[in-house]
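Let's take a walk through this one together. We'll start at a single residue and work outward from there.

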Amino acid sequence: MTATMSPLAFVYDRCASRSRRQLHMRLESCLHYAEGMGWAVADCWVDLGDHALAVHRPQLAALLTAMRAEADHHEVLCLVHTRERLAANTTHRLLLEQRIFAAGGRTVTTFEESGQPTLSAPLEGKAP
């Protein structure tokens, strides 16, 4: 990876409801944010229906596979509208962020909630 190369954004969201209006608004927000930051967008991955609530998320797994393939060539980012788009449950969300980190990336939101997760606090019963 070169220092002059801009990051590559992998947009992710999930939607369990039948209404997709808010989903499309969130995805558009992510695409607009990436454009404003000057980031290329690899693609958008969305888990729908029961997959949006499950532990195993097929589209997130596909995103991670694609992210791993690009991590040696680019800074790779998993771009979500808010961290809750990964999971509402804090421990589950942190586990998913660990998977993103293990794939060579980091999580970024359109509200610039950035950073690397740590699992010790939730797993030890401490407030995150």
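Start with aspartate 13, which counts as buried because its relative accessibility is 1%, and the cut-off for buried is under 20%. Keep in mind as we go that this is a predicted model. What does the side chain of aspartate 13 meet in a salt bridge? The partner is the side chain of arginine 26, at 2.7 Å from N to O. The two come from distant parts of the chain: aspartate 13 sits in strand S1, arginine 26 in helix H1 (residues 21-37), and 13 residues separate them. Arginine 26 is also buried, since its relative accessibility is 12%. As a general point, side chains of opposite charge can pair when their charged atoms come close.

Now look at the strand that carries aspartate 13. S1 is mostly covered, with 8 of its 8 residues buried. Leu8, Phe10, Tyr12 and Arg14 point one way from S1, while Ala9, Val11, Asp13 and Cys15 point the other way, and all of them are buried. So which strands pair with S1? One is strand S2 (residues 40-48), which runs parallel to S1 over 8 bridges; within that pairing, arginine 14 has aspartate 47 as its bridge partner in S2. The other is S3, again in the parallel sense, over 4 bridges. Two spots help you line up S1 with S3: phenylalanine 10 stands opposite cysteine 78, and valine 11 has leucine 79 as its bridge partner.

Helix H1, the one that supplies arginine 26, belongs to a right-handed β-α-β unit together with S1 and S2.

Next, move over to S3 itself. This strand covers residues 76-80, and 5 of its 5 residues are buried. Val76, Cys78 and Val80 point one way and Leu77 and Leu79 the other, and all are buried. S3 also pairs with strand S4 (residues 105-109), in the parallel sense and over 5 bridges. In that pairing, valine 80 has threonine 109 as its bridge partner in S4. Add helix H3 (residues 90-102) to S3 and S4 and you have a right-handed β-α-β unit.

Follow the chain into the loop between S3 and H3 and you reach histidine 81. Is histidine 81 buried or exposed? Histidine 81 is buried, because its relative accessible area is 18% and the cut-off is under 20%. Leaving out residues up to four places away in sequence, histidine 81 touches Arg26, Ser29, Cys30, Thr109, Thr110 and Phe111. You've met two of these already: Arg26 from the salt bridge with aspartate 13, and Thr109 as the bridge partner of valine 80. With serine 29, histidine 81 makes a side-chain polar contact of 3.4 Å.

Back to the charged pairs. How many salt bridges does the structure hold? There are 5. One of them joins the side chains of arginine 106 and glutamate 75, at 3.0 Å from N to O. This pair also links distant parts of the chain, with arginine 106 in strand S4 and glutamate 75 in the loop between helix H2 (58-70) and S3, 31 residues apart. Arginine 106 is partly exposed, because its relative accessibility is 25%, and glutamate 75 is partly exposed too, at 27%.

Another salt bridge joins the side chains of arginine 93 and glutamate 84, at 4.0 Å from N to O. Here arginine 93 is buried, with a relative accessible area of 11%, whereas glutamate 84 counts as partly exposed at 38%. Salt bridges with shared partners also tie Asp13, Arg26 and Arg85 into one network, which brings you back to the residue where the tour began.

Finally, step back to the whole chain. The chain has 4 helices and 4 strands, and along the sequence they follow the pattern β-α-β-α-β-α-β-α. Of the chain's 128 residues, 41% count as buried. Take the contacts between residues at least 6 apart in sequence, and 71% of them join residues at least 24 apart. The accessible surface comes to about 7,100 Å², and 55% of that belongs to carbon and sulfur atoms.

Notes. Residues numbered from 1 in each chain as written. Predicted model: local features only at pLDDT ≥ 70, side-chain atom pairs only at ≥ 80, totals over all residues. Heavy atoms only, no water. Buried < 20%, exposed > 50% of the residue type's maximum accessible area, 1.4 Å probe, protein only. Pairing = 2+ DSSP bridges. Right-handed = clockwise from strand over helix to strand, strands pointing away. Polar contact = N/O pair within 3.5 Å; in protein donor to acceptor, adjacent residues only side chain to side chain. Contact = heavy atoms within 4.5 Å. Areas by Shrake-Rupley, 256 points an atom, 1.4 Å probe, with all protein chains shown as cover.
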